[in-house]
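Me: I'd like to go through how the helices pack here, with the reasoning behind each term. Could you take me through it?

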Amino acid sequence: MLILCNWKLNGKKNILKKFFVELNNLCIKFKIKSNISISPPIIYLSKLYEILKDIKSKIILTSQNVDVHIQGAFTGETSVYMLKEFNVKYVIVGHSERRIHHFESDEIVSSKFDIVKKNGLIPILCIGEHFQESFDKSKIFIKNQIDSIFIKIGKKAFRNSIIAYEPVWAIGSGISADPNYVNDIHFLIKSYICKKDNFFKNNNIVVQYGGSISKNNVYNFISKKYIDGILIGGASLEIKTLFPIIKIIEKFSK
Ligand code: PGA
């Protein structure tokens, strides 16, 4: 199972080594088999790359963002080529905080998804409705977000990619979504994509859940049939809140 940790705009240079060494040691001590990936602010990727190499850690790096261009006059951006230099494996695209605060449209998100895939990294596409609405309304919203990727890239778009279902209202609010509802949405996402691309058999596209995950609720999510993994925000910032979640996942992993 994949455990994705999104640090967002948090962290400090001088805590990185301590955090990663401690997390790595705990993973070894408790023989953790899940794949753990941390997504720090981009400026820390290079330091973390060195730290992970030094301690021979299996922790994977994810980027929180990428530009739609490879190089050129695009001030302030980071290219997928640069991410590859630091062994980044996954790239989050379309997180609601980027869609909202940086006005990333479905069109921009699709271009980012495309450039990540074309360059051999794995996009983690974040989708999810903004408000607590009826299942049917959410369904239309989510299908539209998925369709924008199909329109841009074609029916094979989701091969070698991950989807993170993150209802916007559940992010950072302390109010996670109902696990049964999430399970139904995941089934919808999986069957919708499988119907378009028969490469996916038995709904085997990976769909993570994100939104106020903590040690108190994580089991309720990972025990559901169609929830393949999780995306943790706030609770991933400290070992004392993150590691208990990892241990629960490890114990009950499918
Ligand atoms: P949260 O963030 O766990 O703090 O709700 C999740 C996310 O935005 O990925």
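**Helix packing, term by term**

Reply: Happy to. H1 passes H2 in a right-handed crossing, the near helix being turned clockwise from the far one by less than a right angle (anticlockwise would be left-handed). This is a predicted model, in which local features need pLDDT of at least 70, side-chain atom pairs count only at pLDDT 80 or more, and totals for chains, interfaces and linings use all residues. Residues are numbered from 1 along each chain as its sequence is written, and side-chain values use heavy atoms, leaving out hydrogens and water.

Me: What makes H1 oblique to H2?

Reply: Helix H1 (residues 16–29) packs on helix H2 (residues 45–54) at about 40°, with the axes 10 Å apart. Under 35 degrees is roughly parallel, over 145 roughly antiparallel, 65 to 115 roughly perpendicular, and the rest oblique, so H1 is oblique to H2.

Me: Which residues in H1 and H2 meet?

Reply: Leu16, Lys17 and Phe20 in H1 meet Lys47, Leu48, Ile51 and Leu52 in H2, where contact means heavy atoms within 4.5 Å.

Me: Why are H5 and H6 called oblique to each other?

Reply: Helix H5 (residues 106–118) and helix H6 (residues 135–153) have axes 9 Å apart and an angle of about 55°. H5 and H6 are therefore oblique to each other.

Me: In which kind of crossing does H5 pass H6, left-handed or right-handed?

Reply: The crossing of H5 past H6 is right-handed. Among the residues that meet there are Asp106 and Phe113 in H5, and Lys152 and Ile153 in H6.

How values were computed
Axes fitted to C-alpha atoms, helices over the stretch in contact; angles between N-to-C directions. Helix = DSSP H or I, 4+ residues; strand = E, 2+ residues; numbered from the N terminus.
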